[in-house]
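This report looks at how the chain is organised into domains, what surrounds the ligand, and where the nonpolar cores lie.

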Amino acid sequence: MPEQIVIIGAGQAGVQAVQSLRAEGYTGAITMIGDEAYPPYQRPPLSKAYLLGSFARERLFLKPDAFYREAGCELILNTVVTAINRAAKKVTLGDGRTLSYDKLLLATGTRVRKLSCPGAELAGVHYLRDIADVDGLQNVFKAGTRIAIVGGGYIGLEVAAVGAKRGLDVTVFETADRLMARAVSKPVSTFFAEEHAAAGVKLNLNTSVEAFEGKEKIEGVRAGGIVHPADLVLVGIGVVPNDMLARESGLACQDGVIVDQNAMTADPSVFAAGDCTRHVGREGVEIRLECVQNAIDQAKHAALAMLGRPKTYSEVPWFWSDQYDLKLQIAGLARPTDQLVLRGDPKARKFAVFHLRDGAVAAVEAVNAAPEYLTGRKMIADHIKVLPEKLADLSIPMKQIAQG
Ligand SMILES: Cc1cc2nc3c(=O)[nH]c(=O)nc-3n(C[C@H](O)[C@H](O)[C@H](O)COP(=O)(O)OP(=O)(O)OC[C@H]3O[C@@H](n4cnc5c(N)ncnc54)[C@H](O)[C@@H]3O)c2cc1C
């Protein structure tokens with residue numbers, strides 16, 4: 001049993017590790033260090049209900065303060081960890097203190113990818129990763145404001161949906177030829193493009209932003225040789241993992257801290273979980289996932305591994321996005337070679353796209369279709385084979401289809 005566990009990063013994975021360590025019977029000391037001002041909170045509402053104004057700040061926090069007291073977890077906030085000395089098993093904090101560990105968990109998440117183009121430093125150019133980002137955006141996120149959104153991925157489109165709902169004049173710029181191209185199939189991209197257009201969002205696909213124009217403050221976005229007037233810019237072009245500490249301490253990193261299926265690094269005293277990691281997923285392919293499911297499940301596995309009881313992590317990844325009154329739920333990891341099967345009608349705003357691989361369900365994308373999503377997720381986990389015509393037949397309930 002370790003006596004001192006240190007967790008770097010007070011986010012989704014960090015707090016899950018605290019909970020799991022105690023649930024698994026760990027009685028030693030736990031210290032969790034976070035560089036933000038807040039105790040661990042959920043990020044998904046930031047670009048959805050919190051930005052809309054229908055979700056109180058207090059509801060963001062994953063646990064009440066009493067949780068940390070009762071769990072005997074020393075929570076050090078507003079403090080960055082600046083170095084890991086693996087030989088001495090110590091971490092150095094920004095204020096100069098050092099802390100010793102028997103086991104160390106890296107749960108440092110990601111940071112936003114910055115756009116480097118002329119004008120990138122102008123006032124009025126925003127990013128969205130934390131509470132402070134949204135609070136800073138709220139003052140200018142007003143009806144009538146012209147917002148230019150760079151990136152037609154989840155974050156950009158969630159902000160577009162909230163913006164349209166709040167009466168902003170919304171324009172989206174996306175380099176790819178379709179929305180959410182990295183995450184969803186073509187039919188789902190097309191469906192969401194139509195929904196955004198119907199809500200008044202101007203979509204510019206195949207369009208890369210070349211520069212932000214303005215004297216001190218943003219006045220326009222240059223894209224495709226044209227300057228589009230804008231009062232405000234939101235950049236949502238992805239994230240990069242916070243793996244510098246691990247890298248500087250000599251741990252293997254490649255777009256994320258490399259861990260095995262037990263959330264262990266090559267150093268038996270150092271573990272990692274959540275967005276900052278790269279691991280070999282259940283399909284035997286190296287992957288870095290950026291979702292709540294992975295943060296939670298990998299942290300559970302890290303806790304077990306830290307206590308000397310490693311268990312292979314092979315859960316089906318899942319994700320969701322809320323745009324307007326549409327709930328998009330995705331399970332599994334699709335491949336371009338999958339056979340697509342449509343169940344339901346996009347015009348009814350309730351449908352699912354199943355991905356079949358070797359006759360079995362490998363992934364599902366469901367829009368306002370919870371039964372398809374939930375059953376599909378289970379079918380993926382159980383490798384259930386199904387005939388495409390059966391899957392497409394709405395007269396056959398999902399429960400029956402789940403039997404294969
Ligand atoms: C706007 C937004 C919307 C999202 N929506 C969804 C969604 O709908 N569904 C979904 O599944 N996922 C969503 N995600 C992703 C999800 O929030 C992340 O996958 C999840 O938070 C990852 O948890 P984590 O613990 O790995 O990292 P985080 O929760 O990011 O926590 C990491 C923490 O470590 C801190 N840190 C980093 N380096 C140091 C250091 N050196 N010293 C101290 N502290 C450090 C960071 O500041 C951060 O507070 C969304 C993310 C964002 C930003």
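In this predicted model, the C-alpha centres of domain 1 and domain 3 are 33 Å apart. The division of the protein is into three domains, domain 1 being built from two separate segments, 4–111 and 239–306, while domain 2 covers 125–235 and domain 3 covers 325–401.

Around the ligand there are 36 residues, of which Gly9, Gly11, Arg43, Gly109 and Gly274 come nearest. Two or more residues of this shell are given by each of the elements α1 (12–23), α8 (292–306) and β22 (318–323). Seen by domain, the shell takes at least three residues from domain 1 and at least three from domain 2. The shell around the ligand divides by residue class as follows.

| Class in the ligand shell | Residues |
|---|---|
| Nonpolar | 18 residues |
| Polar | 12 residues |
| Charged | six residues |

Turning to the interior, the largest nonpolar core comprises 68 residues, and Ile149, Ala160 and Val233 have the most contacts inside it. Helix α5 (residues 154–165) supplies the largest share of this core, namely eight residues. Apart from this core lies another one, of 45 residues, which includes Ile7, Leu21, Ile33 and Ala273.

Which residues does Ile149 touch, once residues up to four places away in sequence are not counted? Its partners are Gly156, Val159 and Ala160, together with Val170, Thr171, Val172 and Phe173, and also Leu234 and Gly236. Ala160 therefore appears both as a partner of Ile149 and, alongside Ile149, among the residues with the most contacts inside the largest nonpolar core.

Key: Residues are numbered from 1 along each chain as its sequence is written. This is a predicted model: local features need pLDDT of at least 70, side-chain atom pairs count only at pLDDT 80 or more; totals for chains, interfaces and linings use all residues. A residue is near a molecule or strand if its C-beta atom, placed from the backbone, lies within 6 Å of it. Helices (H or I, at least four residues) and strands (E, at least two) are DSSP runs, numbered from the N terminus. Ala, Val, Leu, Ile, Met, Phe, Trp, Tyr, Cys and Pro count as nonpolar, Asp, Glu, Lys and Arg as charged, and the others, Gly among them, as polar. Domain bounds come from an automatic or database domain assignment. A nonpolar core is a set of buried Ala, Val, Leu, Ile, Met, Phe, Trp, Tyr and Cys residues joined through C-beta atoms within 7 Å. A residue is buried if 20 or more other C-beta atoms lie within 10 Å of its own, exposed if 12 or fewer, and partly exposed in between; C-beta atoms are placed from the backbone. Two residues are in contact if their C-beta atoms, placed from the backbone, lie within 7 Å.
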